[in-house]
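Hi,

Here is the structure I promised to pass on. Have a look at it first, and then read my notes below.

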Amino acid sequence: MALICILMIIVLVGADQIVKYWAVDTLQPVGTMDFIRIGDTKIVDLTYLENDGAIFGKMSGQRWFLIGFTSLILIIGFVVLFKMMKRSKLLDIAITLFLAGGIGNLIDRIRLAYVVDMFEIKLFRFAIFNVADICVTIAVVLLLIYALFIDPKIEKQKADVSDIGGGKK
């Protein structure tokens with residue numbers, strides 16, 4: 001499973017960087033273009049944005065802090081991935097998505113001093129984001145599902161096995 005997770009990280013980071021390259025090359029000169037619309041209703045536009053902050057542009061101008069913090073979180077994430085490997089496929093996928101998203105945005109912060117964003121939800125007012133952000137968001141949702149529903153079952157099964165094995169007095 002470790003090889004699959006590493007390959008998945010490489011593919012997702014590659015996809016993120018390819019989309020960002022396209023955004024810089026093609027989208028930046030025009031600024032915004034239609035992407036998904038139903039009739040006259042815009043759902044998603046492609047809008048070029050250089051975000052030098054974190055979520056919703058918070059911590060703008062804190063490049064080195066964000067690079068350091070992200071690097072630390074990624075190191076911890078890799079340790080957790082390999083320590084918890086095989087505990088749950090959902091957990092493996094969630095951590096893999098989280099790492100891929102973190103790496104994708106870290107590359108931008110190091111290389112460009114900002115993160116390239118391009119997906120703008122027009123249906124309701126929301127942040128402009130990128131493929132790496134999508135990976136992190138899905139990872140957080142999966143981690144919540146894991147923490148609320150799967151991990152308690154795993155822990156209960158471990159406790160039950162311990163009780164059967166004579167661990168309970």
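**Helix 2 and its surroundings**

In helix 2, the buried residues are Leu 66, Ile 67, Thr 70, Leu 74, Gly 77 and Leu 81. They sit on the same side of helix 2, because they cover an arc of only 95 degrees around its axis. This fits a general rule: an α-helix has 3.6 residues a turn, so residues three or four places apart point the same way. Please keep in mind that this is a predicted model.

What lies over those buried residues? Helix 1 (2-30) and helix 3 are among the elements that cover them. Turn to the other side of helix 2 and you will find Trp 64, Ile 75, Val 79 and Lys 83 exposed.

The length of helix 2 (residues 63-84) checks out too: at 1.5 Å a residue, its 22 residues should span 32 Å, and the end C-alpha atoms are 31 Å apart, which agrees. Just after helix 2 comes Lys 86, with a positive phi of about 75 degrees.

**The sheet**

Four strands form an open sheet in the order 1-2-3-4, and their pairing is antiparallel. Strand 1 (32-38) and strand 4 (128-129) are the edge strands, each pairing on one side only. Strand 3 (residues 115-121) and strand 4 run antiparallel and are joined by two bridges. For Glu 120, the bridge partner in strand 4 is Ile 128.

Helix 3 (residues 89-112) brings the two parts of these notes together: besides helping to cover the buried residues of helix 2, helix 3 lies across strand 2 (41-51) and strand 3, at about 130 degrees to strand 3.

Best wishes

Note on methods
Residues are numbered from 1 along each chain as its sequence is written. This is a predicted model: local features need pLDDT of at least 70, side-chain atom pairs count only at pLDDT 80 or more; totals for chains, interfaces and linings use all residues. Side-chain values use heavy atoms; hydrogens and water are left out. Two strands pair if DSSP finds at least two bridges between them. Contact means heavy atoms within 4.5 Å. Axes are lines fitted to C-alpha atoms, for helices over the stretch in contact, and angles run from 0 to 180 degrees between N-to-C directions. The expected span of a helix is 1.5 Å times one less than its number of residues. Buried means under 20% relative accessible area, exposed over 50%, partly exposed in between (1.4 Å probe, protein chains only). The arc is that of the directions from the helix axis to the C-beta atoms.
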